[in-house]
Amino acid sequence: MVDVKIRPIVESDKQSWLRLWEGYLVFYEATLDDKVTETTFSRFLDKNEPVYAAVAETADGELIGMVTWVVHRSTWAIEDYIYLHDLFVSPESRLKGVGRQLIEYVYGVGKEINADRVYWHTQVHNHRAQLLYTKVGWRDGFVVYQWPQSKP
Ligand SMILES: CC(C)(COP(=O)(O)OP(=O)(O)OC[C@H]1O[C@@H](n2cnc3c(N)ncnc32)[C@H](O)[C@@H]1OP(=O)(O)O)[C@@H](O)C(=O)NCCC(=O)NCCS
């Protein structure tokens, strides 16, 4: 275990968060228009947006992980669902419990807002992530489809 504090993201985290975000996009071999990243970050700070982020901060102020989530309505519950959107721990800080703490932080938010559930996707071949996920959640068996075809 590494001693980290999981806390909501703030404006001054931007540069450190961008480094984590870049690592996350590299992991997914993805590129995003800077405008998308800028908009996403500004939504974290906007109280009127249902888009949130938290970061894992070490005792010396380094950000080594991040999680983002979206709160949305459901037709299957009166309470909202939380979709855990992005999760990333910097490579040198992995296997020390940070990923688990980031997920559990979102569970804490779920309890606070009385969410019906927290759920997320992962790629079938992301075995490392699934080694964690099977310990903190259960696999619901749904398969994800999307449109349009041209999007990766
Ligand atoms: C997935 C990811 C967030 C996990 O973060 P992490 O900080 O390493 O995770 P943790 O240390 O909290 O948990 C890892 C768990 O998986 C288990 N685990 C991971 N790799 C393992 C391995 N090779 N063998 C055995 N167990 C393993 C650990 O035992 C640990 O379980 P524990 O909490 O009971 O000790 C991190 O690997 C990452 O950022 N990966 C790249 C991006 C990514 O895949 N994001 C998720 C997209 S859905």
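**Ligand shell and helix packing in a predicted model**

Tutor: In this predicted model, 21 residues surround the ligand, and the closest are Leu87, Leu95, Gly97, Arg100 and Asn126. Residues are numbered from 1 along each chain as its sequence is written. Local features need pLDDT of at least 70, side-chain atom pairs count only at pLDDT 80 or more, and totals for chains, interfaces and linings use all residues, while side-chain values use heavy atoms, with hydrogens and water left out.

Student: What makes a residue part of the group that surrounds the ligand?

Tutor: One of its heavy atoms must lie within 4 Å of the ligand; 21 residues surround the ligand on that basis.

Student: Why is the pair formed by Lys135 and the ligand called a polar contact?

Tutor: A polar contact is a pair of N or O atoms within 3.5 Å (within protein, one must be able to donate a hydrogen and the other to accept it, and residues adjacent in sequence count only if both atoms are side-chain atoms). A polar side-chain atom of Lys135 is 2.9 Å from a ligand oxygen, so the pair qualifies. A polar backbone atom of Lys96 lies 3.2 Å from an oxygen atom of the ligand, and for an N or O atom in the side chain of Arg94 the distance to a ligand oxygen is 3.5 Å. The protein buries 77% of the 940 Å² that the ligand exposes when taken alone (accessible areas by the Shrake-Rupley method with a 1.4 Å probe).

Student: Which elements give two or more residues to the shell?

Tutor: They are strand 4 (81-89), helix 3 (98-112) and helix 4 (127-136); these are DSSP runs numbered from the N terminus (helices H or I, at least four residues; strands E, at least two). Helix 4 gives the largest share, six residues.

Student: Why is helix 3 called oblique to helix 4?

Tutor: Angles under 35 degrees count as roughly parallel, over 145 as roughly antiparallel, 65 to 115 as roughly perpendicular and the rest as oblique. The angle here is about 40°, with the axes 10 Å apart (axes are lines fitted to C-alpha atoms, for helices over the stretch in contact, and angles run from 0 to 180 degrees between N-to-C directions). Helix 3 is therefore oblique to helix 4.

Student: How do you know whether helix 1 is oblique or roughly perpendicular to helix 2?

Tutor: Helix 1 (residues 14-27) and helix 2 (residues 34-44) pack at about 125°, their axes 12 Å apart. That angle makes helix 1 oblique to helix 2.

Student: What makes the backbone at Leu95 notable, and where is this residue placed?

Tutor: Leu95 has a positive phi of about 65° although it is not a glycine, and it lies in the loop between strand 4 and helix 3.
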